[in-house]
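Student: I've got a fold open on my screen and I'd like to talk it through. Can we go step by step?

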Amino acid sequence: QRHPKACPHVVRGVLRASRYLHGDANLFIQLAQKWVAPALSEQELLAIWRRLAQGGAFAVNGGVSRAHWGRRLEELAALRTHAANSTYEGLVSCDHVAAAVAKLGRHPGTSDPL
C-alpha cells in the first residue's frame, strides 16, 4: 500500500523467476545448492526439480487461481474466528497477477491456471 507503483514490477519479477526455475533445472540446482540445500547432490536436486516442475509448484502464471486456492483459503480463514466469513476475493488480490500475465503472456503450464 505504501508503494503501489512497485507492485506490478515485483509481481512480474516473481513470475519471471518462477518461469526461469520451472524451465531450467540447472538454474534450480545452482540456486538450491547455494541458498537452500547445499548438502544435497545434483542428482537429488534434479529429482526434486522434476517433481516440482511436473507438479506445477513454480506458479508460472501467478498461482492464485480461485479453482485451486479458493476453497482452501476460505477453509483456513474459517478456522480463525474473526475471519470466519472471509471469501477468496477478500483474501486474494489478483489484479497485479492478471496484469503481469497479460503483459508477459500466459505460460503454457496447465497446472497453474489464472
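What follows is a short chat about the helices, how they pack, and the cores.

Student: Which elements does the protein chain run through from the N terminus on?
Tutor: Keep in mind that this is a predicted model. The protein chain has zero strands and six helices. Reading from the N terminus, the order is therefore α-α-α-α-α-α.

Student: How are α1 and α6 oriented to each other?
Tutor: Helix α1 covers residues 7-23 and helix α6 covers residues 95-104, and their axes lie 9 Å apart. The angle between them is about 60 degrees. Roughly parallel needs under 35 degrees and roughly perpendicular needs 65 to 115. So α1 and α6 count as oblique.

Student: What classes of residue make up the contact of α1 with α6?
Tutor: From α1 you get C7, P8, V11, R12, L15, R16 and R19, and they meet H96, V97, A100, V101, K103 and L104 in α6. Sorted by class, that contact has four charged, one polar and eight nonpolar residues.

Student: What is the handedness of the crossing where α2 passes α3?
Tutor: The axes of α2 and α3 are 9 Å apart, at an angle of about 120 degrees. That angle makes the pair oblique, because roughly perpendicular stops at 115 and roughly antiparallel starts over 145. As for handedness, α2 passes α3 in a crossing that is right-handed.

Student: How many nonpolar residues does the contact of α2 with α3 have?
Tutor: On the α2 side are A25, F28, I29, A32 and Q33, which meet E42, L45, L46, I48, W49 and L52 in α3. One residue in this contact is polar and one is charged. The nonpolar count is nine.

Student: Which element gives the most to the largest nonpolar core?
Tutor: That core has ten residues: A25, F28, I29, A32, A37, L45, W49, A53, F58 and V60. The elements that give two or more residues to this core are α3 (42-54) and α2 (25-36). With four residues, the top contributor is α2.

Student: How many residues are in the other core that lies apart from it?
Tutor: Its members include V11, L15, V64 and V101. Two of those names came up earlier in α1, V11 and L15, and V101 came up in α6. The size of this other core is eight residues.

Student: What percentage of the protein chain do buried residues make up?
Tutor: A residue counts as buried under 20% relative accessible area. The protein chain has 114 residues, and the buried share is 27%.

Key:
Residues numbered from 1 in each chain as written. Predicted model: local features only at pLDDT ≥ 70, side-chain atom pairs only at ≥ 80, totals over all residues. Heavy atoms only, no water. Axes fitted to C-alpha atoms, helices over the stretch in contact; angles between N-to-C directions. Contact = heavy atoms within 4.5 Å. Nonpolar A, V, L, I, M, F, W, Y, C, P; charged D, E, K, R; others polar. Core = buried A, V, L, I, M, F, W, Y, C linked by side-chain atoms within 4.5 Å. Buried < 20%, exposed > 50% of the residue type's maximum accessible area, 1.4 Å probe, protein only. Left-handed = near helix turned anticlockwise from the far one by under 90°.
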